[in-house]
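The following report describes selected features of one protein model. It proceeds from individual helices to a sheet, the nonpolar cores and single residues.

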Amino acid sequence: MAMFLSLAPFRAFLLSIACLVLIEAQAQLDQSFKPLPVYDGKDLWLVKSLKQQLKEELYYLEPKIEGMSRRYESNTGHLIRMVKGGRIIEDKTLQKFVDDIFHDLVEHSKLRVTPKRVLIAKLPEVNAMCVGEGTFVVTTGLLGRINNESQLAFTLAHEIAHYELGHVRERIRKEASEKISKKVKKGLVNVLKTDVEKSDLDTLRNMMYQLSHFERKHERAADSLGLIILQRAGFNTRESIGLLSILDSVDYTKKKLGYALFNPFQFAKYPFQEHWLDARPSMYTKRPAYVAIFAIDSIKTHPEISKRIEWLGASLVDNHLGLNKRPDEEVQQLIAQCQFEDLDLQVEFHRLDYALLMALQLKADYPANQYLVSTIAKILIDLSEDKDVYQDRKRDLPDFIGGYGDELKFVNTFLHNLKEDEMLEIAFNFLNSQGNFNADNPEHYYLLWRVCELTNRKTVQLRVEKSFEERFGKEGHFDREEYRKYYIDIMKTFLRPGG
C-alpha cells in the first residue's frame, strides 16, 4: 500500500504532463500547423543503428543464395537515403504512440524472431511494411487515415506476422533470384529531391510494390497470425476489417460533407455558381485515374482486399474491447496531426485536387487555422496562373478521375470548370473574408496583395500595404520588391522544376 501511495503522485504528474502536451497540440492545430521534425542526416545514430542491424542480419544469412546479401544491403541503403533525405519523422510524441502499440504486440506474442523498431516515413502512401532486418515502416499517410489504435495495431500485427512466418526473407530470396533492375534500385534518390517528376513517383511506387508484394497465401497467413497477435495484446479484433476497408478505398474520404464542402466559397458579393460543379464529359471517368501517389488497393500490394475482408469476417470472434487504450482525445489529436502532414505532402507532390479536398475537410474542423487559409489560397492562385500552361495544369490537376471517390471528383471537377478569373475572384473573396484573414499573419497580407495585383485591384492593394505597415510598425514597411522575393519563397512548394 505504501508503494502504491508513493507512485500515485508521480502517475498524476505524468498524466498532467500528457494533458498539457495534448492541450498545446490541440491549440496549435486550432490556429496553425507546424510540420513534424524529421531526421536531417546529421544525426547519424539512426544510420549507424541500421547498418549494425544489417550486419547482424547478414551474419545469419544463408551463404549459398547468390544475391541475397545485396538485396538486404539495398533495402537498408534505401532506408538510409530516406533518413538522410528528410523522409523519416523524428517526433517523440508520435513515435511513442506507434512504439507503444508495437511493443505491446511483441510483448504479448511468443515470437521466434525479434522485431526491432518502427520508423515513421513522411510519405502520402497509405501503407506499412517490414524491410527485412527487423525494421518496420509506417507512413504518415496511413496514420492520417486510421480511426483508432486498434486499426494501427492490426497493421503492425500483420507485418510482424509476415516477418515471423519468414515471408520477408522468402520475398528477398525471390527478388535476388529475379535480379530487380538497377533502374528501380536507383529511383528512390530522385524522389527525395525538391523537384519531383511523375516518373520519379512511378519509380518509388514500383520500389514500394517490390518491398510489400506477397502472394495471396502469404497474405491470408499473415492476416490469420496477425489476428492472433492482435487479440493477445488486447486490441479490438473487429477493427482488422476496418483497417482493410481503409486500404480498399484509399481515395474515399473519412468524412463526407457533400455540397457543404464548398461552404468556405459562399460569398455574398460573389455567389457560388452551380455550374462550377457540372459533370465533365464521361470519357474522363472511364479511364483509371492517377489516384494517390501509390495505389495501395492495387493487386500488386494487397491482392483482393474484398476477399480478405470476407475471410476475416468469418474468422474473427468479436472481443468487444475498446478501440483505443490511450484516451480517445489523444489518439484523435495524433491522427489529426498526420492528416495535416498528409495535406502538406499532397501539396509537395503537386496533387492539388486532393490537397484542396483535404484542406476544405480540415477547415470544417479547424475553421480558424491560418495554415489552411494560406494553403487554399495558394492552390487557387497557383492553378489560376497555370490555366493556360497545359502540361503544368495536367500535372497538378489530373484529367481522368475514374478511380476517384465522390468528393474528390467534386473538387477535381470544380477546379477544371473554373476559369482563371473565377479562380482569382474566389481567392480574393476567400482571403478578404473576416473569418479567414488573420491580421497578425504577414503571409495573409502577401497573398491578398498578390491576388489584388492579379485582379487589378490597385486601390485595395494600396490598402493592404498600408494596413501591413500599420500593423507591424517601423519594421513593417511594405517593400514591393522585397515582397515579390518573399512571395516566391512562400510559393516555392508550388513552383515547377526550373520555374
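## Helices, sheet and cores

In helix H4, the buried residues are Leu94, Gln95, Phe97, Val98, Ile101, Phe102, Asp104, Leu105 and Val106. The model is predicted, and the descriptions below should be read accordingly.

Helix H4 covers residues 92-107, and helix H3 covers residues 68-84. The table sets out the length check for each of these helices.

| Helix | Residues | Number of residues | Expected span | Distance between end C-alpha atoms |
|---|---|---|---|---|
| H4 | 92-107 | 16 | 22 Å | 21 Å |
| H3 | 68-84 | 17 | 24 Å | 24 Å |

At 1.5 Å a residue, the end-to-end distance of H4 agrees with the expected span. The distance for H3 likewise agrees with its expected span.

H3 is largely enclosed by the rest of the structure, because 12 of its 17 residues are buried. The buried residues of H3 are Met68, Arg71, Tyr72, Ser74, Asn75, Thr76, Gly77, His78, Leu79, Ile80, Met82 and Val83. After H3 comes Gly86, which has a positive phi near 75°.

**The three-stranded sheet**

An open sheet is built from 3 strands in the order S1-S3-S2, and its pairing is mixed. Strand S1 (117-121) and strand S2 (128-130) form the edges, each pairing on one side only. On average, neighbouring strands of this sheet are turned by 20° against each other, with direction ignored.

Strand S3 (residues 135-139) pairs with S1 in the parallel sense, over 5 bridges. Within this pairing, Arg117 has Thr135 of S3 as its bridge partner, and Leu119 has Val137 of S3.

How many of the residues of S1 are buried? The count is 5 of 5, and the strand is mostly covered. Both faces of S1 are covered: Arg117, Leu119 and Ala121 are buried on one side, and Val118 and Ile120 are buried on the other. Helix H2 (residues 45-59) lies across S1 and S3, and runs at about 130° to S1.

**Nonpolar cores**

The largest nonpolar core holds 56 residues, of which Phe265, Leu343, Leu356, Phe414 and Leu415 touch the most other members. Two or more residues of this core come from each of helix H15 (328-348), helix H16 (352-365), helix H17 (370-386), helix H19 (406-417), H20, helix H21 (442-454) and helix H22 (458-472). A second core, separate from this one, has 45 residues, including Ile89, Ala128, Ile146 and Phe154.

**Glu425 and the cysteines**

Glu425 is located in helix H20, which covers residues 420-431. Is Glu425 buried or exposed? The relative accessible area of Glu425 is 19%, so the residue counts as buried, the cut-off being under 20%. Apart from neighbours within four places in sequence, Glu425 is in contact with Tyr270, Thr455 and Arg457.

Among the cysteines, Cys130 is buried, with a relative accessible area of 2%. Cys338 is buried as well, with a relative accessible area of 0%. A disulfide is a covalent bond between the sulfur atoms of two cysteines. Searching the whole structure for disulfides gives 0.

Definitions and conventions. Residues are numbered from 1 along each chain as its sequence is written. This is a predicted model: local features need pLDDT of at least 70, side-chain atom pairs count only at pLDDT 80 or more; totals for chains, interfaces and linings use all residues. Side-chain values use heavy atoms; hydrogens and water are left out. Helices (H or I, at least four residues) and strands (E, at least two) are DSSP runs, numbered from the N terminus. Buried means under 20% relative accessible area, exposed over 50%, partly exposed in between (1.4 Å probe, protein chains only). Contact means heavy atoms within 4.5 Å. Two strands pair if DSSP finds at least two bridges between them. Axes are lines fitted to C-alpha atoms, for helices over the stretch in contact, and angles run from 0 to 180 degrees between N-to-C directions. The expected span of a helix is 1.5 Å times one less than its number of residues. A disulfide is a pair of cysteine sulfur atoms within 2.5 Å. A nonpolar core is a set of buried Ala, Val, Leu, Ile, Met, Phe, Trp, Tyr and Cys residues joined through side-chain atoms within 4.5 Å.
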